[in-house]
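I opened the notebook to work through one sheet, strand by strand, and to write down what I looked up in the order I looked it up.

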Amino acid sequence: MGVMLWSHQQEALQKMTDGCILKGGVGSGKSLTALAYIVESYETPRSTSPSGAPAMVYIICTAKKRNDREWHDEVVRMGLEERGYRVVIDSWNNIAKYKGVRKAFFIFDEARGGGQGAWGRAFVKIARQNRWILLSATPGDDWMDYLNVFLAHGFYRNKTDFVEQHVEWDRFAKYPKVKRWHNQSKLQGFKRIVTV
């Protein structure tokens, strides 16, 4: 790899696995570390090795990052396309276009796949069919923010399974509000598995 990483990036790179959340502050080099992970983890897609290296890399980020070409500059710097990868950079607004993609590598920049809306459902479907990592400065304020990552890993069958095991709703609230979390040690264990 031609790009030198800082020590904290190298340390994170050693801990990363497919399906992890790479947590780091703004400017910590998450994007470069994510691209380095692909280069270090997989042989080039031109290889005939049975490693199953993904030939396509999809980067899903904010529309601003896509339009400002921040990711493009990092892809060029890391030399991904020179190594034989085809790279598509698009925004979370268009994530539904990629629900049919299989056997690719996805980098989800910023945790927009939370919740049970269209983005969250698309994230889970894509994650179950591909290799992926998620980059975030703030991966979750409460356990519900981790739900889709846990679903993508198969830790739970669906949202109902998660809720039955962990959520006690406040029945007097005017909107769905968690009163108490149950079996948090299990949740902590899953969080440790997925967070770098």
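These entries follow the strands of the sheet, and I keep in mind that the model is predicted.

Entry one. I began with the overall arrangement and found that 5 strands form an open sheet in the order β1-β5-β4-β2-β3, with parallel pairing. At the edges I noted β1 and β3, the latter covering 86-91, and since each has a single partner strand, one side of each is left without a neighbour in the sheet. From one strand to the next, I read a twist that averages 20°.

Entry two. I then turned to strand β5, which spans residues 131-136, and asked how many of its 6 residues are buried. The count came to 5, and I therefore entered β5 as mostly covered, taking buried to mean under 20% relative accessible area.

Entry three. I looked up the pairing of β5 with strand β1, residues 21-23, and found the parallel sense over 3 bridges. In this pairing I located Ile21, which stands opposite Leu134 in β5.

Entry four. For strand β4, residues 105-109, I recorded parallel pairing with β5 over 5 bridges. Here I traced Asp109 to its bridge partner in β5, which is Leu135.

Note on methods. Residues numbered from 1 in each chain as written. Predicted model: local features only at pLDDT ≥ 70, side-chain atom pairs only at ≥ 80, totals over all residues. Heavy atoms only, no water. Buried < 20%, exposed > 50% of the residue type's maximum accessible area, 1.4 Å probe, protein only. Helix = DSSP H or I, 4+ residues; strand = E, 2+ residues; numbered from the N terminus. Pairing = 2+ DSSP bridges. Axes fitted to C-alpha atoms, helices over the stretch in contact; angles between N-to-C directions.
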